[in-house]
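Trainee: Hi! Could you walk me through this one? I'd like to ask things as they come up.

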Amino acid sequence: MPDQVDRIIKQWHAEKPELDVSSMATLGRLSRTTLAVESRLAETFARHGLDAPSFDVLATLLRSGAPYRIAPLELAREAMISTSAVAQRLNKLESRGFVTREANPDDGRGTLVSLTGTGKDLIESALPDHLETERAITAVLSTDEQALLGMLLQRISTAASSRQPPTR
């Protein structure tokens, strides 16, 4: 069944037949899939009064294990976001009582971010729903297909992150 990406590829073939636009099919679908998945996940997060960035921070703190406390720099690294983005997210979560910041006893200039009991309860409530939404989305693929897709996406991610010139 043709989709919007197929129509775009067909238009490029008509307009620029000398160009190989096959990568647009893969990356166009990847981009559209990302938007659709993010939309579905946002619905799940919203049911818990969260958004994706807040979920990320709370989930990162929860998966760090007891005592659910890490430095902001480690939080940025684990959640794969900038330190300025962490500060903004922490301000929002702290104002809602989900996290606290305190002085780091091992680093006089640093702080530690801790998950509060309220924050822990919230993320533990949201996590099963989040995982169910992910399962519902990926259920169209077999376990082997999911593993293969994961491996292929990892290769694309590595290539996209590389600053090496393309090879032919």
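Trainee: Let me start with a small thing: where is the place of Pro67?

Mentor: Pro67 sits in the loop between α3 and β1. Those labels follow DSSP runs numbered from the N terminus: helices are H or I runs of at least four residues, and strands are E runs of at least two. Before we go on, this is a predicted model, so local features need pLDDT of at least 70 and side-chain atom pairs count only at pLDDT 80 or more, while totals for chains, interfaces and linings use all residues. Residues are numbered from 1 along each chain as its sequence is written, and side-chain values use heavy atoms, with hydrogens and water left out.

Trainee: Good to know. And the peptide bond from Ala66 to Pro67, is it cis or trans?

Mentor: That bond is cis, with omega near 15 degrees. Tyr68 is in the loop between α3 and β1 too, and its phi is near 60 degrees, a positive value in a residue other than glycine.

Trainee: Let's zoom out. How many helices and strands are there in the protein?

Mentor: The protein has 7 helices and 3 strands. Along the sequence they come in the order α-α-α-β-α-α-β-β-α-α.

Trainee: Is the whole thing a compact globule or more spread out?

Mentor: More spread out: the radius of gyration is 20 Å, well over the 15 Å that the globule rule gives for 168 residues. That radius is taken over C-alpha atoms, and the rule is 2.2 Å times the number of residues to the power 0.38. Along the principal axes, the C-alpha atoms fill a box of roughly 65 × 35 × 30 Å.

Trainee: What share of the residues count as buried?

Mentor: Of the 168 residues, 25% do. Buried means under 20% relative accessible area, exposed means over 50%, and partly exposed is in between, using a 1.4 Å probe and protein chains only.

Trainee: Can you show me a buried one?

Mentor: Sure, take Thr133 in helix α6. Thr133 counts as buried because its relative accessibility is 8%. Leaving out residues up to four places away in sequence, Thr133 touches Arg40, Leu41, Thr44 and Arg47. A contact here means heavy atoms within 4.5 Å.

Trainee: What about contacts across the whole protein?

Mentor: Look at contacts between residues at least 6 apart in sequence: 50% of them join residues at least 24 apart.

Trainee: New topic: charges. How many positive and negative side chains does the protein have?

Mentor: There are 20 positive and 22 negative ones, and the centres of the two sets lie 4 Å apart. Lys and Arg count as positive and Asp and Glu as negative, without His or the chain ends. Each charge is placed at NZ of Lys, CZ of Arg, CG of Asp or CD of Glu.

Trainee: Why would opposite charges pair up?

Mentor: Side chains of opposite charge can pair when their charged atoms come close. We call it a salt bridge when a side-chain nitrogen of Lys or Arg is within 4 Å of a carboxyl oxygen of Asp or Glu. By that rule the count comes to 8 salt bridges.

Trainee: Which residue forms a salt bridge with Glu78?

Mentor: Arg63 does, with the closest N and O atoms 3.3 Å apart. The pair links distant parts of the chain, 15 residues apart: Glu78 is in helix α4 (residues 72-79) and Arg63 in helix α3 (residues 52-63). Glu78 is partly exposed at 37% relative accessible area, whereas Arg63 counts as exposed at 53%.

Trainee: Does a strand get involved anywhere?

Mentor: Try Glu102 and Arg69, whose side chains meet in a salt bridge at 3.4 Å, N to O. Glu102 lies in strand β2 (residues 99-104) and Arg69 in strand β1 (residues 69-70), so the pair ties together parts that are 33 residues apart in sequence.

Trainee: And inside one helix?

Mentor: Arg135 and Glu132 form a salt bridge, also given as 3.4 Å from N to O. Being 3 residues apart in helix α6 (residues 117-138), Arg135 and Glu132 are separated by about one helical turn.

Trainee: Which residues are linked in a network of salt bridges?

Mentor: Asp3, Asp6 and Arg29 are.
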